[in-house]
Amino acid sequence: MSVDGGAVRLGEEADEPGWEVDPDDEWGVAVITTVGRQLRLRRETKGLRATEFAEAVGYGEDLVYKVEGGKRIPRPEYLDRADAVLGAGGLLSAMKEDVARVRYPKKVRDLAQMEARAVELQLYDPLNIHGLLQTPEYARGLLLMRRPAYTEDEVERFIAARVARKSVFERNPVPELSFVLEEWTLRRPLGGKALLRRQLEHLLEMGQLRNVELQVMPMDREEHAGLAGGIEVLKFGDGSVVGRSSAVAGGRPVTEPRQLRILELRYGIIRAQALAPRESTAFIEQLLGET
């Protein structure tokens, strides 16, 4: 739950403005433990008890102990308030950059790091509009449908991670991105027609980028090479390639040439079976008019 600029009183739901640390994320644990230790040392040097500090920054005492104990990832506004209360001169606020690197789940961070280095991405998701193409509102609608249900905290964390990955579109030089979208994912009004309309509009905007190709796989195709699952193929400047698919190696990233050939062959056939980019744009425009 995000926190506004004013003070938040103890006992309100905003007392927990952060995320739990994944104990299996060794680097994340190390970073957050170090941040928590610095916060505790500065608080103690200032002569403030945890209760006094909690009241001064406007958060719960339990949250203060969790952050200082490396059990909770603090949000940027928490570090800003702590910096002001403890007179740290910007040193605590500066740790926001370190915290930002571990605020997302390790799996998402690893994927984002690969996407940030790739010069070409080939992406096919048979179940949903690909995450890199989702609007935040559409992503929230999808996440809220998950069963068993995610907590609001988890939903916000996943949305923030998904939005952060979109920096791949802002790189210079920009990578080449190819997406194949299933028609049925463009028709189902998950979260309501208003969300779907905005999502379709966003797809049309993305499709206008020179480095992005969107193709739609119509539901009336009698042959379809993508029935085995989604595909991700990332190619890098040094010539190396990483692929992933639920149908290969249990969904784990693969670099073995034979497995990569299978993924690239499947993706190539899927693209050939889908509508061409210009036809796909016209198709999405038609769907938007019907929605």
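Good morning. I begin with one glycine: with a relative accessibility of 31%, Gly90 counts as partly exposed, because the value falls between the limits of 20% for buried and 50% for exposed. The model under discussion is a predicted one. Gly90 sits in the loop that runs between helices H4 and H5. In space, its C-alpha lies 8.0 Å from that of Asp80, and the two residues are ten apart in sequence.

Let me now give the overall picture. The protein contains twelve helices and seven strands. Its C-alpha trace spans about 70 × 45 × 35 Å along the principal axes. There are 291 residues, of which 46% count as buried. As for contacts between residues at least 6 apart in sequence, 72% of them join residues at least 24 apart.

I turn next to helix H4, residues 76-86, which precedes the loop of Gly90. Which residues of H4 are buried? They are Tyr78, Leu79, Arg81, Ala82, Asp83 and Leu86. The cover over these buried residues includes the helices H1, H2 and H3, the strand E2, and helix H5, which comprises residues 96-100. After H4 comes Gly87, and its phi is positive, near 60°.

Two of the helices that cover H4 deserve a description of their packing geometry. The first topic is H1, residues 26-45. H1 and H4 pack with their axes 10 Å apart and at an angle of about 25°. The two helices are therefore roughly parallel to each other, as the angle is under 35 degrees. Their crossing is left-handed. On the side of H1, the residues in this contact are Val35, Leu39, Arg42 and Arg43, and they meet Tyr78, Leu79, Ala82 and Leu86 of H4. By class, the residues of this contact divide into six nonpolar and two charged, with no polar ones.

The second topic is H2, residues 50-57. How far apart are the axes of H2 and H4, and at what angle do they pack? The axes are 9 Å apart, and the angle is about 115°. That makes H2 roughly perpendicular to H4. Here the crossing is right-handed. From H2, the residues Phe53, Ala56 and Val57 meet Tyr78, Arg81, Ala82, Val85 and Leu86 of H4. This contact divides into seven nonpolar residues and one charged residue, again with no polar ones. Tyr78, Ala82 and Leu86 of H4 appear in the contact with H1 and also in the contact with H2.

Helix H3 belongs to the same discussion, as it is among the elements that cover H4. In H3, residues 61-68, the buried residues are Leu63, Val64, Val67 and Glu68. Why do these buried residues line one face of the helix? Viewed down the axis of H3, they fall within an arc of 125°, so they line one face. Among the elements that cover them are H1, H2 and H4, together with strand E2, residues 72-74. Just after H3, Gly70 adopts a positive phi of about 75°.

I now move further along the chain, to helix H6, residues 106-117, where Leu111 is located. Is Leu111 buried or exposed? At a relative accessibility of 11%, Leu111 counts as buried, because the limit for that class is 20%. Setting aside its neighbours within four places in sequence, Leu111 is in contact with Arg165, Glu232 and Arg244. By way of reference, Leu111 and Leu288 are 177 residues apart in sequence, and their C-alpha atoms are 31 Å apart in space.

Finally, I draw attention to two peptide bonds. The bond from Arg147 to Pro148 is cis, with omega near 0°. Pro148 is placed in the loop between helix H7, residues 136-144, and helix H8, residues 152-165. A cis peptide bond also joins Asn172 and Pro173, with omega about 5°. Pro173 is in the loop that connects H8 to strand E4, residues 176-182.

To close, I return to H4 and its partners. H1 is roughly parallel to H4, whereas H2 is roughly perpendicular to it. The crossing with H1 is left-handed, and the crossing with H2 is right-handed. Thank you for your attention.

Note on methods:
Residues numbered from 1 in each chain as written. Predicted model: local features only at pLDDT ≥ 70, side-chain atom pairs only at ≥ 80, totals over all residues. Heavy atoms only, no water. Buried < 20%, exposed > 50% of the residue type's maximum accessible area, 1.4 Å probe, protein only. Helix = DSSP H or I, 4+ residues; strand = E, 2+ residues; numbered from the N terminus. Arc of directions from axis to C-beta. Contact = heavy atoms within 4.5 Å. Axes fitted to C-alpha atoms, helices over the stretch in contact; angles between N-to-C directions. Parallel < 35°, antiparallel > 145°, perpendicular 65-115°, else oblique. Left-handed = near helix turned anticlockwise from the far one by under 90°. Nonpolar A, V, L, I, M, F, W, Y, C, P; charged D, E, K, R; others polar.
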